[in-house]
Amino acid sequence: MAPEREALRDRTPAGATATTRPRTPRLDQPRPPRRRIVPEWDPEAFGRLSERIARFLGTGRFIVWMTVVIIAWVLWNIAAPRPLRFDEYPFIFLTLMLSLQASYAAPLILLAQNRQDDRDRVNLEQDRKQNERSIADTEYLTREIAALRMGLGEVATRDWIRSELQDLLKEMEERRRHDGHVVFPAERSEHPSGRDAEDR
């Protein structure tokens with residue numbers, strides 16, 4: 001009896017919550033991969049293959065090869081001996097092959113166009129962002145140039161100071177002529193009287 005109890009105790013989890021807690025996968029471990037009935041494929045590789053096929057379907061080489069195959073098919077089934085013909089006059093098998101090729105070509109072309117549209121959309125978005133950055137930079141530079149012009153308008157340049165000094169000098173000389181007295185008294189003490197005008 002005792003060994004049976006020990007075996008039962010070893011099989012059942014201990015603790016009050018251990019018996020009621022459901023078995024859930026651990027959060028610190030990744031989930032095991034599920035089995036899928038549908039086969040998996042790489043969408044990028046499939047898209048690249050579809051683009052290559054669509055590019056080939058849109059070339060003149062494909063049209064030439066398809067024309068050669070159809071002409072050879074028709075000539076073989078008309079001119080070959082009767083036991084070697086595999087598609088008689090209505091050429092039903094040829095029609096079936098052409099419709100099969102068209103039914104595969106149309107989705108491949110649409111898939112390639114969708115991928116090209118996605119690429120164009122990304123390129124347009126990048127171009128739009130680049131244009132917005134260029135416009136913002138241009139507006140910033142325009143504001144900076146306008147601020148520099150306004151600042152330069154308030155700065156006293158050398159030519160402006162020179163012209164102001166010349167105007168002041170002319171005005172002082174005119175006052176001296178009209179009043180007859182010396183504008184700068186310090187000049188009289190430095191130079192002898194009567195020689196101020198000649199020295200200047």
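This section describes the salt bridges, helix 3, a nonpolar surface patch and one backbone feature of a predicted model.

The structure contains ten salt bridges. One of them joins the side chains of Glu44 and Arg48, with an N to O distance of 3.9 Å. This distance falls just inside the criterion, which requires a side-chain nitrogen of Lys or Arg within 4 Å of a carboxyl oxygen of Asp or Glu. Because Glu44 and Arg48 are four residues apart in helix 3 (residues 43-57), about one helical turn separates them. Both residues are partly exposed: the relative accessible area is 42% for Glu44 and 45% for Arg48.

Glu44 also forms a salt bridge with Arg115, in which the closest N and O atoms are 3.6 Å apart. Since Glu44 belongs to helix 3 and Arg115 to helix 5, this pair ties together parts that are 71 residues apart in sequence. In contrast to the partly exposed Glu44, Arg115 is classed as buried, with a relative accessibility of 17%; the threshold for this class is under 20%.

A further salt bridge is formed by Arg121 and Asp118, whose closest N and O atoms are 2.9 Å apart. Both residues lie in helix 5, where a spacing of three residues places them about one turn of the helix apart. Arg121 is exposed, at a relative accessible area of 52%, whereas Asp118 is partly exposed, at 41%. Elsewhere, salt bridges with shared partners connect Glu44, Arg48, Glu51, Arg115 and Arg119 into one network.

The geometry of helix 3 was examined next. With 15 residues at 1.5 Å a residue, helix 3 should span 21 Å, and this agrees with the 21 Å between its end C-alpha atoms. The buried residues of helix 3 are Gly47, Ser50, Glu51, Ala54 and Leu57. Viewed down the helix axis, these buried residues fall within an arc of 125 degrees, and they therefore line one face of helix 3. The face turned away from this buried side carries the exposed residues Arg52 and Arg55. Glu51 is thus both one of the buried residues of helix 3 and a member of the salt-bridge network.

On the surface, a nonpolar patch of about 840 Å² is made by Trp76, Leu84, Phe86, Phe93, Leu96, Met97, Leu100 and Tyr104. Helix 5 (residues 92-154) supplies the largest share of this patch, namely five residues. Leu100, one of the patch residues, is located in helix 5. Its relative accessibility of 42% places Leu100 in the partly exposed class; this value also satisfies the patch criterion of over 30% relative accessible area.

The backbone feature concerns Phe91, which is found in the loop between helix 4 (60-79) and helix 5. The phi angle of Phe91 is near 55 degrees, a positive value in a residue other than glycine. For context, most residues other than glycine have a negative phi. With a relative accessibility of 12%, Phe91 counts as buried.

Key:
Residues are numbered from 1 along each chain as its sequence is written. This is a predicted model: local features need pLDDT of at least 70, side-chain atom pairs count only at pLDDT 80 or more; totals for chains, interfaces and linings use all residues. Side-chain values use heavy atoms; hydrogens and water are left out. Patches are made of residues with over 30% relative accessible area and no salt bridge: like charges are joined within 9 Å, nonpolar side chains (Val, Leu, Ile, Met, Phe, Trp, Tyr) within 5 Å. Accessible areas come from the Shrake-Rupley method with a 1.4 Å probe; for residues, only the protein chains shown count as cover. Helices (H or I, at least four residues) and strands (E, at least two) are DSSP runs, numbered from the N terminus. Buried means under 20% relative accessible area, exposed over 50%, partly exposed in between (1.4 Å probe, protein chains only). The expected span of a helix is 1.5 Å times one less than its number of residues. The arc is that of the directions from the helix axis to the C-beta atoms.
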